[in-house]
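Biologist: I would be grateful for a close look at a single part of this model, namely its aromatic side chains and their surroundings. Please set them in the context of the fold and of the confidence of the prediction.

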Amino acid sequence: MKLLTDKIPLRYRSMVRFFIVGMAGMFLQDWLYRMILKAFQTWWGDERAILVYIAFVIAFAIEMVFNYLISAWYTFRSKPTLSNAGGFVLARILNLFIQFIFLHVLITVGIEEINAGFPSIFAAGIINYFVLKVLFKPRNK
């Protein structure tokens, strides 16, 4: 199957695919979170704040599985394995810590807390791309 991104120069393909998968994952997680939270609120009402966190964790877990499978197949042209699955989860945890580090540094240098989030996530995402690129070896064509 010929993919649209196959027309992009080889050196940029995985980067463009990483961006596409990341955006899809972000929207999927947000949509799942909203739907699960609405279902929880319908069943148990609004008074249980813990439901917000449970809905978020479920949405994150589903998105992470989606993101792993699509990243392996589409972004990095690799087969899903236990080895790169474990590495993927570790990379996601590492990405979270990198976001916290960038956030702290940006706030320390004087950027307002509300404005420090996006650049932290963006910078961590770039680092995460290179970490994941090492985990997923391209399959032979």
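**Aromatic residues in a helical chain**

Modeller: The chain comprises four helices and zero strands. Read from the N terminus, its elements follow the order α-α-α-α. Of its 141 residues, 33% count as buried.

The model is a predicted one, and confidence should be considered before the details. The mean pLDDT of the chain is 77, and 83% of the residues score at least 70. Confidence is highest in helix H1 (residues 10-44), with a mean of 83. It is lowest in helix H4 (residues 113-135), where the mean is 70. As a general caution, predicted coordinates should not be read in detail where pLDDT is low.

Turning to the rings themselves, the structure contains five aromatic pairs. One of them joins Trp 43 and Trp 44, whose ring centres lie 5.7 Å apart with 80 degrees between the planes. This pair is classed as edge-to-face because its angle is over 60 degrees. The two partners can also be described by their accessibility. Trp 43 has a relative accessible area of 60% and is therefore exposed, the cut-off being over 50%. Trp 44, at 38%, is partly exposed. Ring pairs also bring Phe 40 into the picture, linking Phe 40, Trp 43 and Trp 44 into a cluster.

A further aromatic residue, Tyr 74, has a charged neighbour: the charged end of Arg 17 sits over the ring of Tyr 74, at 5.4 Å from the ring centre.

Aromatic side chains also take part in the surface. Phe 19 and Phe 27, together with Ile 20, Met 23 and Met 26, make a nonpolar surface patch of about 500 Å². Of these residues, Phe 27 can be placed in helix H1. With a relative accessible area of 55%, Phe 27 is exposed.

Phe 56 belongs to helix H2. Its relative accessibility of 42% makes Phe 56 partly exposed. The C-alpha atoms of Phe 56 and Tyr 33 are 5.4 Å apart in space, although the two residues are 23 apart in sequence.

The residue that precedes Phe 56 in number, Ala 55, is also in helix H2, which covers residues 50-75. Ala 55 has 0% relative accessibility and so counts as buried, the limit being under 20%. The C-alpha atom of Ala 55 is separated by 5.6 Å from that of Ile 36, a residue 19 positions away along the chain. Thus Ala 55 is buried, whereas Phe 56 is partly exposed.

Key
Residues are numbered from 1 along each chain as its sequence is written. Side-chain values use heavy atoms; hydrogens and water are left out. pLDDT is the predictor's confidence in each residue, from 0 to 100. Helices (H or I, at least four residues) and strands (E, at least two) are DSSP runs, numbered from the N terminus. Rings of Phe, Tyr and Trp (its six-membered ring) pair if their centres lie within 6.5 Å; planes under 30 degrees apart count as stacked, over 60 as edge-to-face and the rest as tilted. Buried means under 20% relative accessible area, exposed over 50%, partly exposed in between (1.4 Å probe, protein chains only). A charge sits over a ring if NZ of Lys or CZ of Arg is within 6 Å of the ring centre and within 35 degrees of the ring normal. Patches are made of residues with over 30% relative accessible area and no salt bridge: like charges are joined within 9 Å, nonpolar side chains (Val, Leu, Ile, Met, Phe, Trp, Tyr) within 5 Å. Accessible areas come from the Shrake-Rupley method with a 1.4 Å probe; for residues, only the protein chains shown count as cover. A salt bridge is a side-chain nitrogen of Lys or Arg within 4 Å of a carboxyl oxygen of Asp or Glu.
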